[in-house]
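Please look over the sequence and the model shown here before reading the notes beneath them.

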Amino acid sequence: MGARATTGRFGAAFSALTVVAAAAFSASDAPTLKGRFLGGVDAGVWLGVVGDDGEGANWSHVEGNHFEVPLPPGQQARLVAIAKDRVPLVVPVPLGAQDRRAELRLVAGIALDGTVNSEDGRPLRDVNIRAVPSDAVTLEGLGRAGYAVSLRETRIELPLTGSDSIEVPPSARPTWKTNREGAFRVGGLETGRHYVEATAEGYVPVLLKDVAIRDEAANRLDLVLFKAFFVTGHVVDHQGVPVARAEVRADWVQPSEARHRVGGDVVQRQVRRRTTGRTGDDGSFRLGPFEGGPNVEVFTTSEDLGSSRRRVLAPYDGLVLQLRRHVVRGRVVDAVTGD
């Protein structure tokens, strides 16, 4: 039997799924799905098997063109395939056969070309590029109060059928790198809005939202990365004793500049950001990276020792956060009687 499959919010990707019944088997045998990828996939494929029990997927990485994955016994399963420069694919696996065989074709989709340069115009090599459809990023994944975090840390969900979805683990999310000329090509995209992130050691990461991918025109994105600055300091208690392993958080608004364009569109670059860390054994911390000059709110709290909050301009060295108890006093009255 054959089936056609679509990828929901990720768009349509079609594949013929051929299921062949095997010879007789004992009840103790575990069902499997065997198959091959048509057309070849250079960087391997992440395969996730999703049962109907709602307990998530079992993921495995497959090198080469042939695969074999176990299936949940007695359940309607769905096979999820994610590969670099290919559109994600979701295929239902019918019940009723012990040994199933499949032939899957992952389509190339649309490409996004671009470059990454430093602020002085130098091409940047080995910059990590990530691209995710905007509607695959959950609201919870963006962080509390709208603070955006790295796409590596953000919860990404792939739609299945109806309202069902499955989380894609960070290991299964493709990453691209720029070459020595600072150029990159991201493949396997579909039309729609995307988050695009560029990160490199020593530079402030760029996280863009609403990058439009169109199939009727060339898609291009030219980025500029700025030198990174940091905020360093110590966390101490009310007596000045260093506090180890305390969580420290920094919130800031990344400056908005019309430096990034996709085709003829200027992409919004202003975004609320957040980074977190923990103090070392000597109470020291290092937060960043930031562009030079942003107003950064640094906050730390301890259930036992209190909290501390300061605003500084990055770069900043020697910030001391002293944990203190803060008390709010007042009274509650009835709005009508005043009692």
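The report below treats one sheet, then the aromatic pairs, and then a charge over a ring.

## Basis of the model

This is a predicted model, in which local features need pLDDT of at least 70 and side-chain atom pairs count only at pLDDT 80 or more, while totals for chains, interfaces and linings use all residues. Residues are numbered from 1 along each chain as its sequence is written, and side-chain values use heavy atoms, with hydrogens and water left out.

## A sheet of four strands

Strands here are DSSP runs (E, at least two residues) numbered from the N terminus, and two of them pair if DSSP finds at least two bridges between them. One open sheet holds 4 strands in the order β3-β2-β5-β6, and the pairing is antiparallel. Because β3 (57-62) and β6 (89-93) stand at the edges with a single partner strand each, one side of each is left without a neighbour in the sheet. From one strand to the next the twist averages 20°, where axes are lines fitted to C-alpha atoms and angles run from 0 to 180 degrees between N-to-C directions.

Within this sheet, β2 (residues 45-50) and β5 (residues 77-83) run antiparallel and are joined by 6 bridges, with tryptophan 46 opposite isoleucine 82 in β5. β5 also pairs with β6 in the antiparallel sense, over 5 bridges, and here alanine 81 stands opposite leucine 89 in β6. These two strands, β5 and β6, form a hairpin with 5 residues between them, and aspartate 85 in the turn has a positive phi of about 65°. β6 is mostly covered, since 4 of its 5 residues are buried (under 20% relative accessible area, with a 1.4 Å probe and protein chains only).

## Aromatic pairs

The structure holds 2 aromatic pairs, counted for rings of Phe, Tyr and Trp (its six-membered ring) with centres within 6.5 Å; planes under 30 degrees apart count as stacked, over 60 as edge-to-face and the rest as tilted. Phenylalanine 37 and phenylalanine 67 form a tilted pair, at 5.0 Å centre to centre and 35° between the planes. Phenylalanine 37 lies in β1 (residues 32-38) and phenylalanine 67 in β4 (residues 66-70), so this pair ties together parts that are 30 residues apart in sequence; both residues are buried.

Tryptophan 252 and phenylalanine 290 form an edge-to-face pair, at 4.7 Å centre to centre and 85° between the planes. This pair links distant parts of the chain, with tryptophan 252 in β18 (residues 247-254) and phenylalanine 290 in β22 (residues 284-290), 38 residues apart. Both tryptophan 252 and phenylalanine 290 are buried.

## A charge over a ring

Arginine 286 lies over the face of phenylalanine 230, at 3.5 Å from the ring centre (a charge sits over a ring if NZ of Lys or CZ of Arg is within 6 Å of the ring centre and within 35 degrees of the ring normal).

Definitions and conventions: Buried < 20%, exposed > 50% of the residue type's maximum accessible area, 1.4 Å probe, protein only.
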